[in-house]
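Grab a pencil and have a go at a few exercises on one protein chain. Try each task on your own before you read the worked solution.

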Amino acid sequence: MSKAERIQNFESFLKKEGYAPTLDADGDLVFKCEGRTYLILLEDNDEEFFRIVFPNFWRIESPAEREAVQRAALQATAETKVAKVYPLGDNTWATIEMFCPTVEEAKPVFERSMNALHAAVALFVEEMRK
């Protein structure tokens, strides 16, 4: 199945779940959940891999803050199943990354994935505020 077909399947799924997905300039799916913007990223060369991304949620404004972000990101990643939190440029991203042979197999774990993503971000923020 092509990337465009997989995107179309995810878009249809998100609409059925009550989201209002759109495509960005790169052809990635963008949707909102609880007032936050998320992406679903798919790859051309790996049909089974997909990411749910919460980009740019914590701006890094100094070298000292970068160190704190790295520590908090490691903590959040270590303590949350499937989620990754990491600095990217001057910002912080959180992702859920997984292999699902078909889009249909990703659907049953979507809500749990979103919950894990929210948990990782909450843990990161808690660590940053200590």
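What follows is a set of exercises on a predicted model, each with its solution.

**Exercise 1. The overall layout**

Work out how many helices and strands the protein chain has, in which order they run, and how its radius of gyration compares with the globule rule.

Solution.
- Step 1: count the elements. The chain has four helices and six strands.
- Step 2: read them off from the N terminus. The order is α-β-β-β-β-α-β-β-α-α.
- Step 3: turn to the radius of gyration. It is 15 Å, close to the 14 Å that the globule rule gives for 130 residues, so the chain is as compact as a globular protein of that length.
- Step 4: add the box and the burial. Along the principal axes, the C-alpha atoms fill a box of roughly 45 × 30 × 30 Å. Of the 130 residues, 44% are buried.

**Exercise 2. A salt-bridge network**

Find which residues are joined with Arg 51 into one network by salt bridges that share partners.

Solution.
- Step 1: get the total. Searching the whole structure turns up seven salt bridges.
- Step 2: start at Arg 51. Its salt bridge with Glu 43 has the closest N and O atoms 3.9 Å apart, which makes the cut-off worth recalling: the nitrogen has to be within 4 Å of the carboxyl oxygen.
- Step 3: check the exposure of this pair. Arg 51 is partly exposed at 24% relative accessibility, and Glu 43 is partly exposed too, at 31%.
- Step 4: move to Lys 84 and Glu 97. Their closest N and O atoms are 2.7 Å apart. Lys 84 sits in strand S5 (residues 83–88) and Glu 97 in strand S6 (residues 91–99), so this pair ties together parts that are 13 residues apart in sequence.
- Step 5: check exposure again. Lys 84 is partly exposed at 37%, whereas Glu 97, at 17%, is buried.
- Step 6: put the pieces together. Shared partners join Glu 43, Arg 51, Lys 84 and Glu 97 into one network.

As a side note, Glu 104 and Lys 107 also meet in a salt bridge, at 2.7 Å from N to O. Lys 107 is partly exposed, with 23% relative accessibility.

**Exercise 3. A charged patch**

Name the residues of the negative surface patch that includes Glu 47, then say where Glu 47 sits and how exposed it is.

Solution.
- Step 1: list the members. The patch is formed by Glu 5, Glu 47, Glu 48 and Glu 105.
- Step 2: place Glu 47. You'll find it in the loop between strand S3 (36–42) and strand S4 (49–54).
- Step 3: look up its accessibility. Glu 47 has a relative accessible area of 43% and is partly exposed. That fits the patch criterion, because members need over 30%.

**Exercise 4. Positive phi angles**

For Glu 34 and Asn 56, give the phi angle, the loop and the exposure class.

Solution.
- Step 1: read phi for Glu 34. It is near 55°, a positive value in a residue other than glycine.
- Step 2: do the same for Asn 56. Its phi is also near 55°, again positive without being a glycine.
- Step 3: place both. Glu 34 is in the loop between strand S2 (29–33) and S3, while Asn 56 is in the loop between S4 and helix H2 (63–79).
- Step 4: assign the classes. Glu 34 has 67% relative accessibility and counts as exposed, because the cut-off for exposed is over 50%. Asn 56 has 46% and is partly exposed.

**Exercise 5. Sequence against space**

How far apart in sequence and in space are Leu 41 and Asp 28, Glu 34 and Lys 81, and Arg 6 and Pro 63?

Solution.
- Step 1: tabulate the C-alpha distances.

| Pair | Apart in sequence | Apart in space |
|---|---|---|
| Leu 41 and Asp 28 | 13 residues | 5.6 Å |
| Glu 34 and Lys 81 | 47 residues | 21 Å |
| Arg 6 and Pro 63 | 57 residues | 40 Å |

- Step 2: add context for Leu 41. It lies in strand S3 and is buried, with a relative accessible area of 17%.
- Step 3: add context for Arg 6. It belongs to helix H1 (residues 3–16), and at 3% relative accessibility Arg 6 counts as buried.

Terms used:
Residues are numbered from 1 along each chain as its sequence is written. This is a predicted model: local features need pLDDT of at least 70, side-chain atom pairs count only at pLDDT 80 or more; totals for chains, interfaces and linings use all residues. Side-chain values use heavy atoms; hydrogens and water are left out. Patches are made of residues with over 30% relative accessible area and no salt bridge: like charges are joined within 9 Å, nonpolar side chains (Val, Leu, Ile, Met, Phe, Trp, Tyr) within 5 Å. Accessible areas come from the Shrake-Rupley method with a 1.4 Å probe; for residues, only the protein chains shown count as cover. A salt bridge is a side-chain nitrogen of Lys or Arg within 4 Å of a carboxyl oxygen of Asp or Glu. Lys and Arg count as positive and Asp and Glu as negative; His and the chain ends are not counted. The place of a charge is taken as NZ of Lys, CZ of Arg, CG of Asp or CD of Glu. Helices (H or I, at least four residues) and strands (E, at least two) are DSSP runs, numbered from the N terminus. Buried means under 20% relative accessible area, exposed over 50%, partly exposed in between (1.4 Å probe, protein chains only). The radius of gyration is taken over C-alpha atoms; the globule rule is 2.2 Å times the number of residues to the power 0.38.
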